[in-house]
Amino acid sequence: VSSQCKILRCNSEYVAATLNLRGSNRNAAYCNALRSYSHCTRKTARTCRGDLAYHSAVHGIEDLMIQNNCSKEGPTSPPRPRPPAPNHQGFESLDICNYEKSFLYKHGQPPSYQHCAAFGDPHIRTFHDDFHTCRVEGSWPLLDNDYLFVQATSSPVAKGSNATVTSKLTIIFKNMKECIDQKVYQAEIDSLPAAFEDGSVNGGERPGGSSLAIRERSPGRHVEIRAEYIGTTIAVRQAGRQLSFSIRAAEEVARAFTEEQDLQLCVGGCPRSQRISRSECCRGRVAAETARALCKEMLPVEDVYFQSCVFDVVTSGDANFTMAAHGALEDARVFLPNAEKLHIFQ
């Protein structure tokens, strides 16, 4: 984290220091602010090579110091006072990196949420509660919007099998103003880290860095990522030799994409050419009745999670797939705003 260009922080500190300058000592205070700005840019010079914002700031400071007859040596601005504790007088004092609070302030009601999951063979539960079993070998985007990019990579569950499982997940939290630096999370089978790729466990050094946080719920098996700044929580699990992904996203966030970003399995489900009928399952490595008995222990309701479990155990011969469907159902129980939509029957 310490190796990132901090020019945006220098810029915002300078703006804050010069925002309300008035009175007879305005010029002296302005020179102090420019010297602080210059000092801040020097501290981040090594990591900002090639950054256009950094180079334009350095040249801008030199010009402003000449125009205002500021000496290079002299006092600097005191650091900004910490903001007062939040009160409810106005939105300015609310934490803008808390999506729920700011949505409630703007709209007078809490936001709506949507849920998507990808687990097992993979089976996709879309934001619109459609349910598909997919072939989708290779890499496919689950989400691709203004805030998030999530890609799942699938490979065959066994040699010569039509069935595939998710073997890798890449999640990118896109750079967002004063809240977070861009963060990348990657999970692969037998590697479920409790940190982002750069080793950090939060959104970085911006004022709202803690509004993105990652924690391990069960070592090597279940990681949860909370992105409060976009009202989103993600669960990544490993059960047996496959990964699963579940998300609860604010509706406004889930819909923030353009027509070009139309291929998202969480939005449209699997393309028709990639869908598999679960009724085709029952020529596999385990007898269907055995699979049904195994799945029934974990999933007493015979809904799509149960049907998916039977399909996966039959085609793979791996009883661990009961855990994948059970984990997806547990995530849905936590993430779904409407408990009546928990079970889908087809």
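**Sheets, a pocket and a disulfide in a predicted model**

Trainee: In this predicted model, what is the strand order of the open sheet of eight strands, and which strands stand at its edges?

Mentor: The open sheet of eight strands pairs in the antiparallel sense, and its order is β8-β9-β10-β11-β1-β2-β3-β12. Two of these strands have a single partner strand each, so one side of each is left without a neighbour in the sheet. The strands standing at the edges in this way are β8 (212–218) and β12 (275–276).

Trainee: How many bridges join β9 to β10, and which residue in β10 does V223 stand opposite?

Mentor: Strand β9 covers residues 222–227 and strand β10 covers residues 232–239, and the two run antiparallel, joined by six bridges. Within β10, the residue that V223 stands opposite is V236.

Trainee: Which helix lies across β1, β9, β10 and β11, and at what angle does it run to β10?

Mentor: The helix is α9, which is made of residues 321–335 and lies across β1 (113–119), β9, β10 and β11 (242–250). Taken against β10, the direction of α9 is at about 165°.

Trainee: Turning to the open sheet of four strands, which are its edge strands, and by how much are neighbouring strands turned against each other on average?

Mentor: This sheet has the order β4-β5-β6-β7 with antiparallel pairing. The strands that pair on one side only are β4 (138–144) and β7 (183–188), which makes them the edge strands. With direction ignored, neighbouring strands of this sheet are turned against each other by an average of 20°.

Trainee: What is the bridge partner of D144 in β5?

Mentor: Strand β4 and strand β5 (residues 148–156) pair in the antiparallel sense over six bridges. For D144, the bridge partner in β5 is F149.

Trainee: Which element gives the most residues to the lining of the second largest pocket?

Mentor: The second largest pocket has a volume of about 350 Å³, and among the 17 residues lining this pocket, the closest to its centre are I96, Y99, S102, K106 and M176. The lining divides into eleven nonpolar, two polar and four charged residues. Both α4 (99–107) and α5 (251–254) give two or more residues to the lining, but the element that gives the most, with five residues, is α4.

Trainee: How far apart in sequence are the parts that the disulfide of C10 and C40 ties together?

Mentor: The structure holds seven disulfides, and in the one formed by C10 and C40 the sulfur atoms are 2.1 Å apart. This link is left-handed, with -80° about the S-S bond. Since C10 lies in helix α1 (residues 7–18) and C40 in helix α2 (residues 26–43), the pair ties together parts whose separation in sequence is 30 residues.

Terms used: Residues numbered from 1 in each chain as written. Predicted model: local features only at pLDDT ≥ 70, side-chain atom pairs only at ≥ 80, totals over all residues. Heavy atoms only, no water. Pairing = 2+ DSSP bridges. Axes fitted to C-alpha atoms, helices over the stretch in contact; angles between N-to-C directions. Contact = heavy atoms within 4.5 Å. 1 Å grid on protein atoms, 1.4 Å probe; cavity = no way out; pocket = protein on both sides within 12 Å on 5 of 7 lines; lining within 4 Å. Points joined across faces, edges and corners; volume = space filled by probe spheres on them. Nonpolar A, V, L, I, M, F, W, Y, C, P; charged D, E, K, R; others polar. Disulfide = S-S within 2.5 Å.
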